[in-house]
Amino acid sequence: MTVPVFNVFKKDVYLYRIKDKNTGEYCLNYNNEPCECGTKEWANILYNSLKIKNPNKDLIIVREKYIVKC
């Protein structure tokens with residue numbers, strides 16, 4: 001049995017993604033999906049590893065709101 005809960009503060013969820021500043025494209029992982037992290041610290045680690053792999057790209061970390069698809 002599920003009980004409806006009212007008056008609960010819904011927290012927004014954000015993701016961090018790595019984006020190429022010049023083209024606006026997201027950096028992709030080995031599954032051809034955008035690289036995304038849940039925390040800023042992991043995004044910094046991912047950013048550093050991608051910067052080593054792609055030294056010529058101008059990369060930035062982008063914070064985006066996570067939208068759940070139903």
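A pocket, on a 1 Å grid over the protein atoms alone, is an open set of points where a 1.4 Å probe fits, with protein on both sides within 12 Å along at least five of seven lines, and its lining residues have an atom within 4 Å of a point. The model is predicted, so that local features need pLDDT (the predictor's confidence in each residue, from 0 to 100) of at least 70, while totals for chains, interfaces and linings use all residues. Residues are numbered from 1 along each chain as its sequence is written.

**Exercise 1.** Describe the largest pocket and its lining.

Step one: the volume, taken as the space filled by probe spheres set on the grid points, is about 270 Å³ for the largest pocket.

Step two: 15 residues line the largest pocket, and Cys27, Leu28, Asn29, Cys35 and Leu50 lie nearest its centre.

Step three: the lining residues comprise seven nonpolar, four polar and four charged, where Cys and Leu count as nonpolar and Asp, Glu, Lys and Arg as charged.

Step four: helix H1 (residues 40-53) contributes four residues, the most to this lining.

**Exercise 2.** Set out the elements of the protein and the confidence in them.

Step one: one helix and three strands are present, as DSSP runs of at least four residues (H or I) for helices and at least two (E) for strands, and their order along the sequence is β-β-α-β.

Step two: H1 has the highest mean pLDDT among the elements (93), and strand S2 (residues 36-37) the lowest (89).

Step three: the protein as a whole averages 85, with 81% of the residues scoring at least 70. Where pLDDT is low, the predicted coordinates should not be read in detail.

Methods: Predicted model: local features only at pLDDT ≥ 70, side-chain atom pairs only at ≥ 80, totals over all residues. Heavy atoms only, no water.
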